[in-house]
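User: Hello! I am new to this structure and would like a friendly walk through it. Could you show it to me first?

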Amino acid sequence: MGLLEKLRGEESIEERDIDSQVAHEVLERIEEGARRHISPTRVIFASIAVMLLLATSVFVLTWIVPYDRVSVDVVYRQGGPGHVVLVELDNKGSRTIEDIDLHIRFIDSNGIEVARSIFNRDSLPAHTSIAGDDLELLVEGASVWEDYTIEILLNYEYYGGDRSERWTHDVGGWTMEMFVDKSPYRFL
């Protein structure tokens, strides 16, 4: 029977019953074949195997394959006496970074540098962070409630390759602002 005949509704009740009976028999055969090969225990073991494969791949990427990733957390505060910029440097990579040079610049709306802080360190081990007095910038006497820009320049060496990152943040509208800057993952 063709499509036009079906649209016209010229199919008999007997033909419909035969078609549904054939379809029902085909589904029963598929179900019997599936029951022979698929069981609840096989489904559970297959699910566990897939989860183990995914967990292993994550472990391999994060611990065995060396990668480089650095983040810088910045906290900006302003008040009556001036401005404070606090920075935390975090080596999220799998190996030590060396020859670290971090510049924190405080720039006014005219592009003039108001203050600068420079932090140098020989090395920072993998999965460690550093913060403290050496990574803060105090700006006294600068006007509050004006627009400023905080610029973070980070240079370091990672197993023979020089890396350089630059992040900027416009501040001044709030008494406190926080930023998290992350370098992209670089697999070696």
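Analyst: Helices (H or I, at least four residues) and strands (E, at least two) are DSSP runs, numbered from the N terminus. This is a predicted model, in which local features need pLDDT of at least 70 and side-chain atom pairs count only at pLDDT 80 or more, while totals for chains, interfaces and linings use all residues. Residues are numbered from 1 along each chain as its sequence is written, and side-chain values use heavy atoms, with hydrogens and water left out.

User: Which strand holds Glu 165?

Analyst: The protein chain has 3 helices and 10 strands. In sequence order they follow the pattern α-α-α-β-β-β-β-β-β-β-β-β-β. Glu 165 falls within residues 161–171, and that run is strand S8.

User: Is Glu 165 buried or exposed?

Analyst: Buried means under 20% relative accessible area, exposed over 50%, and partly exposed in between (1.4 Å probe, protein chains only). Contact means heavy atoms within 4.5 Å. Not counting residues up to four places away in sequence, Glu 165 touches Ile 152, Leu 153, Leu 154, Ser 183, Pro 184 and Arg 186. Its relative accessibility is 10%, so Glu 165 counts as buried.

User: What share of the 188 residues in the protein chain is buried?

Analyst: One buried example is Ser 94, with a relative accessible area of 19%. Ser 94 is found in the loop between strand S3 (82–91) and S4. Across the 188 residues of the protein chain, the buried share is 31%.

User: What is the separation between the C-alpha atoms of Ser 94 and Asp 68?

Analyst: Among contacts in the protein chain between residues at least 6 apart in sequence, 62% join residues at least 24 apart. Ser 94 and Asp 68 are 26 residues apart along the chain, and their C-alpha atoms are separated by 6.5 Å.

User: Which residue in the loop between strand S5 and strand S6 has a positive phi?

Analyst: Most residues other than glycine have a negative phi. Asp 99, in strand S4 (residues 97–108), has a positive phi near 50°. The loop between strand S5 (113–124) and strand S6 (128–140) also holds a residue other than glycine with a positive phi, near 60°. This partly exposed residue, at 39% relative accessibility, is His 127.

User: Why does the salt bridge of Glu 151 and Arg 105 tie together parts apart in sequence, and how many residues apart are they?

Analyst: A salt bridge is a side-chain nitrogen of Lys or Arg within 4 Å of a carboxyl oxygen of Asp or Glu. The side chains of Glu 151 and Arg 105 meet this way at 2.4 Å, N to O. Glu 151 lies in strand S7 (residues 148–158) and Arg 105 in strand S4, so the pair ties together parts whose separation in sequence is 46 residues.

User: Which residue in strand S8 also forms a salt bridge with Glu 151?

Analyst: Here the closest N and O atoms are 2.7 Å apart in the bridge between Arg 166 and Glu 151. Arg 166 lies in strand S8 and Glu 151 in strand S7, so the pair ties together parts 15 residues apart in sequence. Glu 151 is buried, with a relative accessible area of 5%. Its exposed partner, with a relative accessible area of 54%, is Arg 166.

User: How many salt bridges does the structure hold?

Analyst: Another pair is Glu 113 with Arg 116, whose closest N and O atoms are 3.0 Å apart. Both count as partly exposed, Glu 113 at 33% relative accessibility and Arg 116 at 38%. The total number of salt bridges in the structure is 5.
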